Amino acid sequence: MVQLCEIRYDQCMRAIAFPLAATLCLSGSLCAEETLPPDLGTRDQGIDWADFLGPQRNGKSPETGLIAKWSPPPRIVWQCEIGASYGAPAISRGRLLHYDRHGDLARLTCRNSESGTELWTYEHATDYTDMLGYNNGPRCTPVVDGNRVYLFSAEGEMHCVSLSDGERQWQVDTTKQFGVVKNFFGVGSTPIVAGELLIANIGGSPPGQPDDVYAAQGQVESNGSGVVAFDKFTGEFRWQTANELASYSSPVTATIDGQLWCFVFARGGLVGLDPNLGQIRFQFPWRARKLESVNASSPTVVGDRAFISESYELGSALLQIQREGYEVVWRDKPRSRDRSLELHWNTAVHHQGYLYGSSGQHPNNAQLRCIKFDTGEVQWSVPGWRRSSLLYVDQHFICLSEDGTLRLLRATPNACEVVGELTLRNNLGITLLKYPAWTAPVLSHGLLYVRGKDRLVCLEVIRRGQE
């Protein structure tokens with residue numbers, strides 16, 4: 001008989017709202033009540049955004065009451081200068097956490113999410129240098145689970161610190177432990193919490209491999225550590241599986257026909273596995289032949305179907321998930337120039353049977369698109385906005401383009417209507433969000449958080465009491 005642990009009321013409500021969270025505490029064994037830091041938030045409505053792309057990792061917010069006209073523009077609540085990074089902030093219990101590089105230190109900064117006041121910092125040394133000249137900061141989003149914050153650095157160091165004060169709980173050097181050969185842009189796949197495990201796309205290699213992927217001319221061997229699970233409380237190794245290398249796509253979990261799945265869009269394709277045991281249920285090859293190609297968009301799982309996409313050659317595919325495998329529903333034709341979606345680093349957002357995302361590898365050819373989920377048929381395309389990221393909330397999309405332009409869209413399968421458009425500036429008229437604004441917007445308790453090259457800005461897009 002499953003024995004349940006005592007949980008606080010707010011943890012219980014989070015478990016009810018988000019089924020995955022329920023497994024974190026209702027894990028089938030006794031567990032002690034976790035002491036959480038006090039909630040500093042004063043905005044009662046809304047949700048925490050404690051994970052990459054939100055609680056469900058799907059870029060969608062359940063909040064309502066969105067200010068539907070941006071004239072005048074939304075109020076800037078606070079802003080701050082930040083270090084080098086591509087990671088989004090995470091918000092939990094009135095605290096915002098952002099992970100950036102400052103000189104030879106990688107720094108996790110905890111702030112009051114409503115005021116921006118700094119509460120504490122955690123730092124560790126870093127010497128990462130990007131092989132292709134991009135910034136040398138972290139790529140991954142902090143992940144908050146209870147009183148723990150998980151970090152994954154660009155050089156592959158995994159850290160767990162306390163949400164309350166930033167004290168380190170454990171640390172694992174995954175590059176050293178698993179023999180990871182340096183990839184083009186370092187480590188950029190945000191780990192996911194599943195039950196009492198922290199699951200990550202590691203992609204290690206046996207001893208004797210070249211120092212980096214270029215030295216190996218792309219021929220890097222795997223040692224079966226494509227996906228690795230750690231004990232989320234201690235960092236201890238639990239299991240590893242898959243002869244795969246790491247990608248820049250982050251894992252997602254889903255329950256399909258009563259069966260828990262973890263989907264990892266690794267360097268060579270999609271891996272579907274049992275997250276409890278690490279057993280592979282299927283592997284679907286999906287990688288362009290080009291050496292510099294990467295898989296960076298996270299899978300979009302809806303019902304019993306999983307969508308994946310890349311922008312270098314193959315485009316997209318939709319799989320029907322079966323108990324121990326898959327069936328291809330549709331896939332873009334090989335070598336075809338007419339592909340449904342070619343997602344680079346943004347993840348498609350599903351809404352009512354359609355997918356919305358920014359298609360295109362380069363800024364000058366990127367188009368915001370809507371496609372039919374079941375068929376891949378393109379409904380419409382909007383060129384000229386460069387590469388963008390989307391957040392769905394209250395019948396609208398908030399679109400952040402890489403040049404820092406924010407747009408409020410009312411998008412349907414029939415058309416894309418621009419409701420509002422703005423470039424954030426300070427009192428001197430200086431643009432706040434500088435290129436590259438590659439990080440997806442974050443929404444928590446009515447406050448929108450967007451970042452550019454070196455600045456994080458908080459805007460009020462849902463007024464207090466509007467839900």
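In which loop, between which two strands, is P436 found? P436 is found in the loop between strand 30 (416-423) and strand 31 (442-444), where strands (E, at least two residues) and helices (H or I, at least four residues) are DSSP runs numbered from the N terminus. The peptide bond that joins Y435 and P436 is cis, with an omega of about 5 degrees.

This is a predicted model, in which local features need pLDDT of at least 70 and side-chain atom pairs count only at pLDDT 80 or more, while totals for chains, interfaces and linings use all residues. Residues are numbered from 1 along each chain as its sequence is written, and side-chain values use heavy atoms, with hydrogens and water left out.

Another cis peptide bond runs from S71 to P72, with omega near 5 degrees, and P72 has its place in the loop between strand 1 (60-61) and strand 2 (75-81).

Further along the chain, strand 13 (residues 227-231) and strand 14 (residues 237-241) pair in the antiparallel sense over four bridges, pairing being assigned if DSSP finds at least two bridges between two strands. Within this arrangement F230 has F237 of strand 14 as its bridge partner. The hairpin formed by strand 13 and strand 14 has five residues between the strands, and G235 in this hairpin takes a positive phi near 80 degrees.

Positive phi values also occur on either side of this hairpin in residues that are not glycine. Q217, in the loop between strand 12 (197-201) and strand 13, has a positive phi of about 50 degrees, and A242, in the loop between strand 14 and strand 15 (252-256), has a phi near 80 degrees. As for their surroundings, Q217 counts as exposed at 65% relative accessibility, whereas A242 is buried with a relative accessible area of 5%; buried means under 20% relative accessible area, exposed over 50%, and partly exposed in between, with a 1.4 Å probe and protein chains only.

T190 lies in the loop between helix 3 (174-178) and strand 11 (192-194), and at 2% relative accessibility T190 counts as buried. Leaving aside residues up to four places away in sequence, T190 touches F52, R57, C140, T141, V143, S250 and P251, contact meaning heavy atoms within 4.5 Å. With T141 there is also a polar atom of the T190 side chain lying 3.2 Å from the backbone nitrogen of T141.

Methods: A polar contact is a pair of N or O atoms within 3.5 Å; within protein, one must be able to donate a hydrogen and the other to accept it, and residues adjacent in sequence count only if both atoms are side-chain atoms.
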